[in-house]
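Me: I should like to go through some of the labels attached to this model and ask what each of them rests on.

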Amino acid sequence: MSLFTLKDFHITNKKVLVRVDFNVPLNEKGLVLNDSRIRKSLDTLNYLIKHKARIILMSHLGRPKGKVIPKLKMNKVAERLSEILKKDVMKFHDTVGPGMVKNTHKLAAGDIMLLENLRFYEEETKDSKAFAKELASLADFYVNDAFGASHRAHSSVHAITRYIPGCAGPLLEKEINTLTLLLQEPKKPFIVILGGAKVSDKIGVINNLLKKADKILIGGAMMYTFLKAKGLDTGLSKVEDDQLKLAKKLLKNKKIILPTDCIIADRFDEDAKADSVKVEHIESNWLGLDIGPQTIKDFKKIIKEASTVFWNGPMGVFEFKKFAKGTDEIAKAVAASKAKTIIGGGESVEALEKLKLDHKIDHVSTGGGAALEFLEGKTLPAIEALEDSYKRFKDEI
Ligand code: AMP
């Protein structure tokens, strides 16, 4: 894969347009609830500041679907970034247009401005070339540092790379390098842990990682589809009946390890009555909401012996304290492991952050969906676009 990286560009005094992922969670008042996505971009921003680039940042925030939603303006994000960097962040009320081109002239070397929410324009998600061209007209170089948006063919990560030279930012580079390692030469034993809501979301990953992994440990609601495929009574547990045939086929592969016990509940509720049972003994009008103590023990032993661990998806309904133990214990085991540990974004990250263990992980992916698609072996549209940009502009740089 040939891509430009930031080091290929002479950025001093040049306008550099950076696609960041500042899609942070907000509260009802529009205040930033968790700024970890902003903080993740700091190394990139400090590099650009140090090299005296004129920095233009752009991101989407929420799902405004092509309309201006006041609560989804980037103002609070700009304020938070400014507090963290202890530096002014210019914020204007638009994203593209002649006025914005003029505004970019106000940037001195090392200055930063943040554009308005990209998704206030419906063109963004349509991968509009005209919109991408307008974005590109703001700058000399383009940097994609938003792995979490890179599985989408949207203007700000896809169409844009045809108009100005575009590179993979440091965050994106790290994602590509780390995840590629899993697909090529993971140090063995390579253990994959998958949980979460749906088998259908993870089938592609299971199929592709089975080629390299030594074991795939299954938890979360997914496990019940596999257990039913084995012929067990799963009661009222969440099962995807249309995936049973596929699950049965996958189970022929002995690398797939299922839980031997689980925590069942008499209803889907924080305060439900709970019981720990072997998977053969799930009561017909109860539902499984977590892995059981024996499974935790067995999974922990396997994780302890691993040299590479990839984890995506909670082991149970970890939002309910009573059913969070499986996820918490797996999080602790992964954090304590000496293996190279990689977390595939999403809810597993939340579980780790809650336990303040995220800093013990070698690589926490910034994109759940993007990481899964990458590990399925798909070429992500935004990465493909950067490869095209390299081919298009390599003789000009
Ligand atoms: P995902 O986004 O696919 O990683 O799914 C995460 C969601 O799966 C979380 O909100 C969990 O509550 C849910 N989940 C995990 N285990 C179960 C289960 N046994 N039954 C129902 N939902 C579950």
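Reply: A suitable start is Lys126 and Glu122, whose side chains meet in a salt bridge with an N to O distance of 3.6 Å. The model is a predicted one, in which local features need pLDDT of at least 70 and side-chain atom pairs count only at pLDDT 80 or more, while totals for chains, interfaces and linings use all residues. Residues are numbered from 1 along each chain as its sequence is written, and side-chain values use heavy atoms, with hydrogens and water left out.

Me: Why is the pair Lys126 and Glu122 called a salt bridge?

Reply: The term requires a side-chain nitrogen of Lys or Arg within 4 Å of a carboxyl oxygen of Asp or Glu, and the 3.6 Å between Lys126 and Glu122 therefore meets it.

Me: What makes Lys126 exposed and Glu122 partly exposed?

Reply: Exposed means over 50% relative accessible area, buried under 20%, and partly exposed in between (1.4 Å probe, protein chains only). Lys126, with 58%, is therefore exposed, whereas Glu122, with 46%, is partly exposed.

Me: Which residues are joined into one network by salt bridges that share partners?

Reply: Asp35, Arg39, Arg80 and Glu83 are joined in this way. Within that network, Glu83 forms a salt bridge with Arg80, the closest N and O atoms being 3.6 Å apart. Glu83 and Arg80 are three residues apart in helix H3, and so they are separated by about one helical turn; helices here are DSSP runs (H or I, at least four residues), as strands are (E, at least two), numbered from the N terminus.

Me: Why is Asp127 called buried?

Reply: Its relative accessible area is 19%, and so Asp127 counts as buried. Asp127 lies in the loop between helix H5 (122–125) and helix H6 (129–136), and its phi is near 60°, a positive value in a residue other than glycine.

Me: Why are helices H7 and H14 called oblique to each other?

Reply: The axes of H7 (residues 170–184) and H14 (residues 368–375) come within 10 Å and cross at roughly 40°, where axes are lines fitted to C-alpha atoms, for helices over the stretch in contact, and angles run from 0 to 180 degrees between N-to-C directions. Angles under 35 degrees count as roughly parallel, over 145 as roughly antiparallel, 65 to 115 as roughly perpendicular and the rest as oblique, and H7 and H14 are therefore oblique.
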